Amino acid sequence: MTVHVVRSGENLWAIARTYGVSVQSIVDVNGLPSTSLIIPGLALYIPDQQPIIRYYKIKAGDTLWRISSQFKTSISSIVSANSGLDPNRLYIGQNINIPSPVKPQFSTLGFIVPGSSQTFLAELERMAPHLTYIAVVAFSFTEEGYAYVLGDDASIVRRSRELGIIPLLVLQNTTAAGFSKELAGRVLSSPTYRRNLVASLVNLATQRGYGGISIDLEFIPPPQREDFNSFLRELKAAMGNLILHVNVHAKTEDIPTNPIIGAYDYKTIGEIANIVAVMTIDYGYPGGPPDPISPLWWIALVVRYSLTLIPRGKLQIGLPLYGHDKVVSTNQFRALSVLDAQNLGISAGAVIQYDTAARSPWFRYWKGTEEHIVWFEDIRSYIEKYRLIDLYQLNGTTYWQLSLKAPQNWAYLDKADVIKL
């Protein structure tokens with residue numbers, strides 16, 4: 001897998017010639033708006049036959065011979081891919097690159113809000129090889145705990161089944177005003193309302209053809225921490241063979257009184273659920289200052305903490321398919337797809353920067369006298385996040401959300417082994 005970062009004065013014709021590929025293939029795989037306009041700092045995925053570089057952490061007893069056998073490569077290839085590596089001085093915890101024909105394997109889950117894209121069902125067919133699960137965001141519940149459907153989910157469930165993707169029913173504590181901590185607190189604190197919610201959820205999931213339930217209750221009042229655990233236990237017991245997937249806000253320590261993360265008991269949730277998805281997105285949050293959305297250093301801290309409480313085979317991390325365009329003076333923002341963010345930079349004639357700590361791209365542009373900063377993702381930042389999944393052998397990843405175009409992400413997955421159940 002080759003990535004080319006555009007330098008000042010380069011053009012697509014010269015880049016294509018360097019790598020022996022066509023200009024049109026570069027345009028198509030990267031979603032470029034034209035064959036004539038590129039900007040410095042733009043990261044281009046080059047469609048070639050090179051495999052993904054695997055990422056591996058040395059364990060007790062490892063030798064390069066054993067590792068090369070495991071990954072079907074050679075000792076010399078591993079040494080060449082790691083500057084300064086001494087085959088006789090490996091140490092536990094050391095991270096190394098491994099050129100290998102053995103593809104990384106993990107699960108993927110894509111969220112979709114019904115109606116967010118009129119062409120989604122046609123696009124789903126192209127995404128199908130890259131998705132293990134599709135999570136349909138179309139359900140909330142009443143103040144008495146009765147779950148109900150908000151959108152037209154039937155066509156998505158039917159088509160995902162046809163394409164070999166497992167559909168999950170996503171439950172959120174939403175009202176017309178957004179996520180409601182009051183709604184979550186009221187229902188979770190009542191054994192009767194919890195029973196109503198469990199029964200109605202399982203009934204809806206079964207009747208509507210879902211393979212499982214994805215719980216996305218946010219801003220749960222911290223006093224309901226044990227009530228949330230009880231709800232999950234009761235739900236899991238009633239679900240039979242259905243998959244229980246639970247989404248939790250990211251944290252690097254347990255602060256039980258915190259209004260955002262306090263209600264999430266990672267250890268207990270990890271014991272109950274089949275899969276736990278930590279939402280490693282929106283570090284740079286809507287309304288906040290211009291910051292990376294999913295900086296790698298932060299994700300690494302979250303993963304290391306999570307793995308002390310949640311089995312790695314159950315743990316997913318969240319990857320954004322979007323960027324944030326923020327007005328520097330006011331923090332006013334708009335969300336836009338990764339592709340739209342990239343092409344905004346091109347149309348604005350910006351120079352794309354790459355933050356080496358965050359492993360994230362960003363650029364600045366001006367609208368009149370108004371300064372904008374855009375943080376987004378590109379093939380470089382996606383590769384780094386997938387390497388983290390590979391390094392820690394996590395269950396996989398989630399994507400918010402599938403109606404947002406991110407062609408470089410899907411190009412990466414062409415060379416991975418996405419689990420299909």
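Me: How many aromatic pairs does the structure hold?
Reply: This is a predicted model, and the structure holds 15 aromatic pairs.

Me: What sort of pair do F139 and Y210 form?
Reply: Their arrangement is edge-to-face. The ring centres lie 5.9 Å apart, and the planes make an angle of 80°.

Me: Where do F139 and Y210 lie, and what does the pair tie together?
Reply: F139 belongs to strand 6 (residues 133–141), while Y210 is in the loop between helix 8 (191–207) and strand 11 (212–216). The pair therefore ties together parts that are 71 residues apart in sequence.

Me: Is F139 buried or exposed, and which is Y210?
Reply: F139 is buried, with a relative accessible area of 1%. Y210 is also buried, at 4%.

Me: What about F363 and Y365, what kind of pair is that?
Reply: F363 and Y365 form a tilted pair, with 6.2 Å from centre to centre and 40° between the planes. Both residues are buried.

Me: Which residues do ring pairs link into a cluster?
Reply: The cluster consists of F106, Y386 and Y412, linked by ring pairs.

Me: Which ring does the charged end of K251 sit over?
Reply: It sits over the ring of Y266, at 4.7 Å from the ring centre. In addition, R387 lies over the face of Y55, 5.8 Å from the centre of that ring.

Me: Changing topic to the sheet: what is the order of the strands in the open sheet of five?
Reply: The order is 16-15-19-18-17, and the pairing is antiparallel.

Me: Which strands stand at the edges?
Reply: Strand 16 (333–337) and strand 17 (353–355) do. Each has a single partner strand, so one side of each is left without a neighbour in the sheet. From one strand to the next, the twist averages 25°.

Me: How many bridges join strand 18 and strand 19?
Reply: Strand 18 (residues 360–367) and strand 19 (residues 370–375) pair over six bridges, in the antiparallel sense. One of the bridge partners in strand 19 is E370, which faces K367 in this pairing.

Me: Which strands does helix 12 lie across?
Reply: Helix 12 (residues 338–347) lies across strand 15 (322–327), strand 16, strand 18 and strand 19. Relative to strand 16, helix 12 runs at about 105°.

Me: And helix 13, which strands does that one touch?
Reply: Helix 13 (residues 379–392) packs on the sheet and touches strand 17 and strand 18. The direction of helix 13 makes about 150° with that of strand 18.

Terms used
Residues are numbered from 1 along each chain as its sequence is written. This is a predicted model: local features need pLDDT of at least 70, side-chain atom pairs count only at pLDDT 80 or more; totals for chains, interfaces and linings use all residues. Side-chain values use heavy atoms; hydrogens and water are left out. Two strands pair if DSSP finds at least two bridges between them. Helices (H or I, at least four residues) and strands (E, at least two) are DSSP runs, numbered from the N terminus. Axes are lines fitted to C-alpha atoms, for helices over the stretch in contact, and angles run from 0 to 180 degrees between N-to-C directions. Contact means heavy atoms within 4.5 Å. Rings of Phe, Tyr and Trp (its six-membered ring) pair if their centres lie within 6.5 Å; planes under 30 degrees apart count as stacked, over 60 as edge-to-face and the rest as tilted. Buried means under 20% relative accessible area, exposed over 50%, partly exposed in between (1.4 Å probe, protein chains only). A charge sits over a ring if NZ of Lys or CZ of Arg is within 6 Å of the ring centre and within 35 degrees of the ring normal.
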